[in-house]
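Student: Could you show me how to read the symmetry and the enclosed spaces of a protein model?

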Protein chains: 2
Amino acid sequence: MQALERLRSRMAELSDLAAIGMLSGWDQLVMMPAAGAPARAQQLGTLARLTHERATSAEIGAWLEEIDAAGDAAALAALDRDVVRLARRDWERARRVPDELAVERARAEADGQESWQLARANDDFASFVPALERNVELARAYGECLAEPGESRYEGLLGDFDFGLRTQELQSVFGALARELPPLAEEARVRSPRRTLEVPVAAQEAAVSGTLRRLGVEETSWRVDVSAHPFTAWVGRGDMRLTTRYSDGEVEALLSSLHEYGHALYERQVDPALDRTNLGSGTSMSMHESQSKLWENHVARSRAFAEVLSSELGVGGFAVSAADLHATLVGVEPSLIRVSADPLTYPLHIVVRFELELALIDGDLAVADLPGAWREQMQRLLGVEVPSDALGVLQDVHWGAGAFGYFPSYALGCLIAAQLWEAMEAEIGPREQDLRRGELEPVQRWLGERVHRFGRRLDTTALVVQATGRELEIEPFLRYVAPLAGR
Amino acid sequence: MQALERLRSRMAELSDLAAIGMLSGWDQLVMMPAAGAPARAQQLGTLARLTHERATSAEIGAWLEEIDAAGDAAALAALDRDVVRLARRDWERARRVPDELAVERARAEADGQESWQLARANDDFASFVPALERNVELARAYGECLAEPGESRYEGLLGDFDFGLRTQELQSVFGALARELPPLAEEARVRSPRRTLEVPVAAQEAAVSGTLRRLGVEETSWRVDVSAHPFTAWVGRGDMRLTTRYSDGEVEALLSSLHEYGHALYERQVDPALDRTNLGSGTSMSMHESQSKLWENHVARSRAFAEVLSSELGVGGFAVSAADLHATLVGVEPSLIRVSADPLTYPLHIVVRFELELALIDGDLAVADLPGAWREQMQRLLGVEVPSDALGVLQDVHWGAGAFGYFPSYALGCLIAAQLWEAMEAEIGPREQDLRRGELEPVQRWLGERVHRFGRRLDTTALVVQATGRELEIEPFLRYVAPLAGR
């Protein structure tokens, strides 16, 4: 079937272009001399434009029609069926967006990021209002294009990050978190107070590198570098690159390197048969975040693995007991900033953002009223007073960059991670002994088998059901954090 | 004029794609984990295919026709005239090659490289014969496609590396070198014998980094890394990357880092108005090589600059007099291997290759007779006995990779460098005092003004005339090496 071959060859091309884009982005943040920035921006723009053109070209529609007309889509091998199904979905979604809207969004997002940066630096929300209003307006139009019949605009937007998620489902899950977590947080801040630990950078570096080595991070197929914000790039099978950062006197690097490892392991364990197809990567933002959160919350923050981390810090010349280290990694304190939040209150930061962005897109909240609404929500859910917009509504780049519908995946990641961890322990037994010894291979294997290998063949919800036998639920996460509140 | 705008925007796209390819290639050799190789090969293949498709598409021909039809090509700004002129030349050349031939060549070149690698490792030329025969056959067909009316096949091939060069010109120049250099080499091996200098790697590193810093290599717009074979990548304005390598007890890194610096400086000083056009890079292989050889031969190997190099080695903890260091950097000894040849005999290695590849393409030499012809030529021109094909005809990858017509640029680079250096000194005065102090800015400025800024607007011969007021000649090079023979 010639049309199928052509389709697959286009998908292979798009997958190569995505990898090249990933590499160029990694290089920009890790290797590029500063003065290379303007040229790189042009190059990335060209790559994005070319990719868009090849991903939305009319030929793809013609090949899909030809495959349909042949009438034997059902006779295709299962893998090809999924290739065709996802190709159709992606192509149709992309084609629904008029070129002018795509161009306007790209421009407004660039302006929005610039405006946000200035506004945050000067703690001046008013200066950000016009750019943000423009982004909201364009996001509404964009969501309108993408919404399936019967879906809301917001659901149209969600689909870019987590196809198939329903607003109602999010409202129900996040509503439950908003009820259950604040009282737990009140107790946990007393039972498991936040602490600090003054770890020198050299010891952190030694511990990160020793720990990652135990997890199989070796130099023939990994890179570990330093960047201003930790992130992960998958440039190809056998070419995984994670970054971390080290601040004197903090332990963030221990958590963030395991977090990034989780992202990398997901991509690494996708079935090799899906390489160079449109199925060969993680299925959604929330599944990806579940993998990073699993390694951050359930491995790095476990009491048992603290034995490994403290011994690796010891190799780096820093002595700390596993108990003290663990207490530092899990200490709870409701606070202003999402990215440095503790494991218990983190999802509440997302609930705040979810409710506000939903209201913005639904037209129930004006941009000008956003700072007030933010303060109110932070007071209600986290019990904290927001002293400035810079430490409040201006802290994250997402809305300035036009990304609405992205935040939920951060909290869903926490929930799914907890649910996966419970399902795994129910199936292969408690991991405590293994964690204590730094023996993570059974965890890697279970995740590979139950989650990773499917790539994009299953969407978030189906994948959660396949791996855990149940729909997404919040109880595993509540059980995970309960001990912090002494329950 | 809409067609012109479209043409320029396509040229901008191709220039971005070339930069992305350069980056991917750099990363492959400098940063990529080994296991990333198969995926990277796919990605580079996709990028090449896409670039070829966009560079040869029928649209370009239509735009060029439209610009012609408007009849006012003459009314274009000078820059646009050159954009159109080169676009037409490149497009027409690329279109002359049938797709099947391009595909066959790519395959045969990949096979040829693999076969060459094995043959060299096993010193087994016979096993390489079929692949090389195939490469020769395809190169003949390819040269046939590219030759302009009245040109030979070999001239068609030359055009890929040095547009406008004539075989006859090469024969005359290389014939003169074949007459003049051997007697000089005989005297020089006695007057300026080869010596060794046992410099520890740490001192080499310190000297390379200190020397490059004096030339303006700073981290906001340069990278200096280590790779198995030194090379240079220009990823964008403000993003120059050179690599070097260090072997214990050698001084090669001092020469090769200055050599690569010459390549980088050329690209860096192309007129910024040519960025993202088809004119914005070095004009030919031989001009590029002239820039690297200028810094290698006329700066790094000068008696005056040895003061700088020896003082930088001193900073690295290695004491050597400038005189001894200079003697080591210029010592002459006819030898078997091109890449480690001394400055005087280097061009003779190229003469050997030029005569043999011309005979192969003209059909005057059979592949099977190549090893014998090689030994004969090495005896005649360099007076050395070739003990094995591995140290003889199998030493270079070029022919295995299908690159015929490439070798001449290495020797032309030596000649042009000498001619430029003389012209520069005639114009701005002897450089000796400046070299001694490591003050190279006047040299950089002269090269920028007379050579670099033109990009591809002038071809090799026109550029040499523009910079030196004369056609290419061999006398400056002979004057450069004469002192080594005590003349």
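Tutor: We shall take the relation between the chains and then the cavities, keeping in mind that this is a predicted model.

Student: By what turn and shift can chain A be laid on chain B?

Tutor: A turn of 180°, with a shift of 0.0 Å along the axis, lays chain A on chain B with an RMSD of 0.0 Å, and that is the relation of a two-fold axis. Of the interface residues of chain A, 100% are also interface residues in chain B, so the copies meet through the same surface.

Student: How many cavities of 30 Å³ or more does the structure hold?

Tutor: Rolling a probe the size of a water molecule over the atoms shows where empty space is left. In this structure there are five cavities of 30 Å³ or more, and the largest holds about 80 Å³ of space.

Student: Which residues and helices line the largest cavity?

Tutor: Its lining has 14 residues, with Trp374(B), Val393(B), Leu394(B), Asp396(B) and Trp399(B) lying nearest the centre. Helix 6 (125–146) and helix 15 (370–382) of chain B each supply at least two residues, and helix 6 of chain B gives the most, with three. By character, the lining divides into ten nonpolar, two polar and two charged residues.

Student: What lines the second largest cavity?

Tutor: That cavity, with about 50 Å³ of space, is lined by residues of chain A including Leu165(A), Ser286(A), Thr460(A) and Glu471(A). Helix 19 of chain A provides the largest share, three residues, while the lining as a whole divides into five nonpolar, three polar and one charged.

Key:
Residues numbered from 1 in each chain as written. Chains lettered and ligands numbered in written order. Predicted model: local features only at pLDDT ≥ 70, side-chain atom pairs only at ≥ 80, totals over all residues. Heavy atoms only, no water. Least-squares fit on C-alpha atoms with pLDDT ≥ 70 in both. Contact = heavy atoms within 4.5 Å. 1 Å grid on protein atoms, 1.4 Å probe; cavity = no way out; pocket = protein on both sides within 12 Å on 5 of 7 lines; lining within 4 Å. Points joined across faces, edges and corners; volume = space filled by probe spheres on them. Helix = DSSP H or I, 4+ residues; strand = E, 2+ residues; numbered from the N terminus. Nonpolar A, V, L, I, M, F, W, Y, C, P; charged D, E, K, R; others polar.
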